Amino acid sequence: MSPDRTEAALRLRRARHVVAFTGAGISAESGVPTFRGPQGLWKNYRPEDLANPIAFERDPELVWEWYRWRQSIVQGCEPNAGHRALVDLAGKVARTSLITQNIDGLHERAGSSPVVELHGNIWKTRCTKEGTVRPFQGELRCQCGAWLRPHIVWFGEALDRATLEDAFQAARTCDVLLAVGTSALVAPANMLPLLARSAGGTVIEVNLEPTPLTAQADFFLKGPAGEVLPELVRRAFPS
Ligand code: BV8
């Protein structure tokens, strides 16, 4: 194992509080398309076309068609070794906070709990009139007659304030922040690693390629999350 990986494993072993901050890359090996890769979701559509409130206002059916298509992809996907490694890690560290940008629900299906979903969940809907959040059950209209929308944070929409503050607080107080499978392009989520670093935490990035975060990270572990994370956890907690 490279000295970097050995040292990163040592930091993880010593940590009392670890934040796992994940993006679409951790679900890639499960078959969920990422946003900004050659197979990227946005390849077929531009975010401004679909993942924003104006697009929904203009054509709710089209937006729902896109999300139903994405649900059908996620439905056929299983959590992978990367998701499971974070479940293992949670059993070995005094405190872990799992904060994801993903909306696919795979961390929960892997057994992680609680999971902070910064951008919502593709399996939940919200009534556009009453604001009630409930599991998706196939209907696109609320009993009150108003449209149901995906309970997802679209571009240009604010994240839930309390959720974001909790996430920021976790980043500020952790000893290690693992940034896994994120291009670190989307704000304000991409502030988490920087908050951890400025508060003296160690930032370990796991990605196939460098990102705008890499220069700020203490460790850049290049490789697929489904291989790097299990190896890192095994190395940190050999017993
Ligand atoms: C807000 C839900 C304010 C929708 C999503 C100009 C500059 C800076 C910021 C802005 C700007 N213009 C606008 C903004 C703000 C904007 C933003 O950040 N835009 C970016 C694109 C520039 N942000 C917002 O609009 C946010 N809201 O700012 O509100 C406000 C305040 C008050 C009042 C009103 C408004 C809302 C952002 C949330 C948008 N919703 N998702 C949906 O999913 O349909 S974001 C979307 O991107 C997903 O959630 C995704 O998770 C997220 C981030 O992407 P990643 O997860 O990082 O995925 P990506 O494909 O990009 O990268 C994958 C990575 O994995 C790659 O690095 C790849 O190398 C790696 N990888 C691939 N395979 C593997 C792997 N790594 C390891 N192993 C592998 N096997």
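In this predicted model, a backbone N or O atom of valine 153 lies 2.8 Å from a nitrogen atom of the ligand, and this contact is a good place to begin looking at how the protein surrounds that molecule. A second contact involves a side chain, for an N or O atom in the side chain of glutamate 29 is 2.8 Å from a nitrogen atom of the ligand. At glycine 181 the backbone takes part again, with one of its polar atoms placed 3.2 Å from an oxygen atom of the ligand. When the ligand is taken alone, it exposes 1,500 Å², and the protein buries 73% of that area.

The surroundings of the ligand can also be described residue by residue. There are 36 residues around the ligand, and those that come nearest are Phe35, Arg36, Tyr67, Arg70 and Ser183. Sorted by class, this shell has 19 nonpolar, 12 polar and 5 charged residues. Two elements, helix H2 (25-28) and helix H5, each give two or more residues to the shell, and H5 gives the most, with 3 residues.

Helix H5 therefore deserves a closer look, since its contribution to the shell around the ligand is the greatest. Running from residue 60 to residue 75, H5 has 16 residues, and the distance from its first C-alpha to its last is 22 Å, which is close to the 22 Å expected at 1.5 Å a residue. The buried residues in H5 are Pro60, Val63, Trp64, Trp66, Tyr67, Arg70, Gln71 and Val74. Seen down the axis of the helix, these buried residues fall within an arc of 155°, so they line one face of H5. Two of them, Tyr67 and Arg70, have been met before, as they are among the residues that come nearest to the ligand.One buried residue of this helix can serve as an example. Tryptophan 64, found in helix H5, counts as buried because its relative accessibility is 2%, which is under the 20% cut-off. The C-alpha atoms of tryptophan 64 and glutamine 143 are separated by 18 Å, and the two residues are 79 residues apart along the chain.

A second example comes from another helix. Alanine 9 is found in helix H1, which covers residues 3-14, and with a relative accessibility of 3% alanine 9 also counts as buried. Although alanine 9 and phenylalanine 237 are 228 residues apart along the chain, their C-alpha atoms are separated by 8.3 Å.

Notes: Residues are numbered from 1 along each chain as its sequence is written. This is a predicted model: local features need pLDDT of at least 70, side-chain atom pairs count only at pLDDT 80 or more; totals for chains, interfaces and linings use all residues. Side-chain values use heavy atoms; hydrogens and water are left out. Helices (H or I, at least four residues) and strands (E, at least two) are DSSP runs, numbered from the N terminus. The expected span of a helix is 1.5 Å times one less than its number of residues. Buried means under 20% relative accessible area, exposed over 50%, partly exposed in between (1.4 Å probe, protein chains only). The arc is that of the directions from the helix axis to the C-beta atoms. A residue is near a molecule or strand if one of its heavy atoms lies within 4 Å of it. A polar contact is a pair of N or O atoms within 3.5 Å; within protein, one must be able to donate a hydrogen and the other to accept it, and residues adjacent in sequence count only if both atoms are side-chain atoms. Accessible areas come from the Shrake-Rupley method with a 1.4 Å probe; for residues, only the protein chains shown count as cover. Ala, Val, Leu, Ile, Met, Phe, Trp, Tyr, Cys and Pro count as nonpolar, Asp, Glu, Lys and Arg as charged, and the others, Gly among them, as polar.
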